[in-house]
Amino acid sequence: MPKCKYCNQEKPLVKSHIIPRSFFEIKEFNKKAPKKSLSLISDSEDFKPMKRPVGIYDVHLFCSDCENKFMKYDDYAFKLLNEQRENRKTQKDEKGLVVGQYYENFDYQLLKLFFMSILLRAGLSADFFFQRVTLGPFAEVLKEAIDCADAKEPEDFAVFLAYYAQIKRGPVIFPPDMKRIDGINFYFFHIGRVIFYIKVDKRKTPSTLYPIIIKPDSLLFLLEFDLRDSNAYEILKRTVDNPTNSTYFKT
Ligand SMILES: [Zn+2]
């Protein structure tokens, strides 16, 4: 029998979704995407919708006991980030330009553990889609935190959120990748309409990011990104143009 990658016990493994299915099965998305497919959708003129089989997210990683540990975090994050999206307020700078959006309140514990658990799940997966995520000793730290329901300090696995200004119609799903910000390592993940960055580095968060990292008893900010200014475009191009990925991406 295979071993669960969380508890290391030989137990029957269940189907898991590294990025919860709910994040790419939201209503508007379903209208556009054919059944049993997952699309990369964007409003940007440069992109056309692409389809890839939804099955790639179904992997056998964990036993049912371990898989169930993630449920309450997945549920909370989906409710906050998707269902309660209308509750966000617009943040403008002194010139009146939109810089992002924010929620007036959120549950730090539940949301932070959601991001930490996605990072862990991606890091333990051998799936092609998550190949860029390697955790080393951080995997054990994350497991322990999830087992103790300990969301840790804002500085530990520091997280900040963003969304793309151009994408109005549907979620975009890119493979997670690493980004160095002022020399500090972050991974970033696209989950439906939101992008989260999570620090996987013992060094301090760059001070410019400190105001927007998620913390208890604070607003929850989402930065507005311009799709063409960020490196998401490069990643998408690289992934789609790579001939080894031709079975995954079909226009
Ligand atoms: Zn297990």
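## Starting with burial

A residue is called buried here if 20 or more other C-beta atoms lie within 10 Å of its own, exposed if 12 or fewer, and partly exposed in between. By that yardstick, 33% of the 251 residues of this protein count as buried. Please keep in mind as you read that this is a predicted model.

The protein has 6 helices and 11 strands. Among contacts between residues at least 6 apart in sequence, 69% join residues at least 24 apart.

## The seven-stranded sheet

Let's begin with the strands. Seven of them form an open sheet with mixed pairing, in the order E5-E6-E11-E7-E10-E9-E8. Strand E5 (89-92) and strand E8 (177-181) stand at the edges; each has a single partner strand, so one side of each is left without a neighbour in the sheet. On average, neighbouring strands of this sheet are turned by 35° against each other, direction ignored.

At the E5 edge, the partner is strand E6 (residues 98-103), and the two pair in the antiparallel sense over 4 bridges. To find this pairing on your screen, look for Thr90, which stands opposite Gln101 in E6.

## Helix H4 and the nonpolar core

Next comes helix H4 (residues 108-124). This helix lies across strand E7 (159-164), strand E9 (184-191) and strand E10 (194-199), and runs at about 80° to E10.

In soluble globular proteins, nonpolar side chains tend to be buried together. The largest nonpolar core of this model holds 55 residues, and those that touch the most other members are Phe115, Ile118, Leu119, Val159, Tyr187, Phe196 and Ile198. At least two core residues come from each of strand E4 (58-63), helix H3 (71-83), H4, E7, E9, E10 and strand E11 (220-225). Which element gives the most to this core? It is H4, with 10 residues.

Ile118 is a good residue to click on. Leaving aside its neighbours within four places in sequence, Ile118 is in contact with Ile18, Ile19 and Phe189.

## How H3 meets H4

Helix H3 has five names to remember on its buried side: Tyr73, Ala77, Phe78, Leu80 and Leu81 are its buried residues. What covers them includes H4 and E10.

The axes of H3 and H4 come within 8 Å and cross at roughly 110°, which makes H3 roughly perpendicular to H4. The crossing of these two helices is left-handed. On the H3 side, the contact is made by Lys72, Tyr73, Asp74, Tyr76, Ala77 and Leu80, and on the H4 side by Leu110, Leu111, Leu113, Phe114 and Ser117. Tyr73, Ala77 and Leu80 of H3 therefore appear both among the buried residues and in this contact with H4.

## How H4 meets H5

H4 has another helix to deal with, helix H5 (138-147). The axes of H4 and H5 come within 10 Å and cross at roughly 140°, and that makes H4 oblique to H5. This crossing, too, is left-handed.

From H4, the residues that take part are Leu113, Met116, Ser117, Leu119, Leu120, Gly123 and Leu124. They meet Ala139, Leu142, Lys143, Ala145 and Ile146 in H5.

## Residues worth a second look

Two residues other than glycine have a positive phi. Asn8 has a phi of about 60°, and its place is in the segment before strand E1 (13-17). Phe157 has a phi near 50° and sits in the loop between H5 and E7. Are these residues buried or exposed? Asn8 counts as exposed because it has 10 C-beta neighbours inside 10 Å, whereas Phe157 has 25 and so counts as buried.

Finally, have a look at Arg193, in the loop between E9 and E10. Why does Arg193 count as buried? It has 21 C-beta neighbours inside 10 Å, and the cut-off for burial is 20 or more. Arg193 and Arg85 are 108 residues apart along the chain, and their C-alpha atoms are separated by 9.8 Å.

Notes. Residues are numbered from 1 along each chain as its sequence is written. This is a predicted model: local features need pLDDT of at least 70, side-chain atom pairs count only at pLDDT 80 or more; totals for chains, interfaces and linings use all residues. Two strands pair if DSSP finds at least two bridges between them. Axes are lines fitted to C-alpha atoms, for helices over the stretch in contact, and angles run from 0 to 180 degrees between N-to-C directions. Two residues are in contact if their C-beta atoms, placed from the backbone, lie within 7 Å. A nonpolar core is a set of buried Ala, Val, Leu, Ile, Met, Phe, Trp, Tyr and Cys residues joined through C-beta atoms within 7 Å. Angles under 35 degrees count as roughly parallel, over 145 as roughly antiparallel, 65 to 115 as roughly perpendicular and the rest as oblique. A crossing is left-handed if the near helix is turned anticlockwise from the far one by less than a right angle, and right-handed if clockwise.
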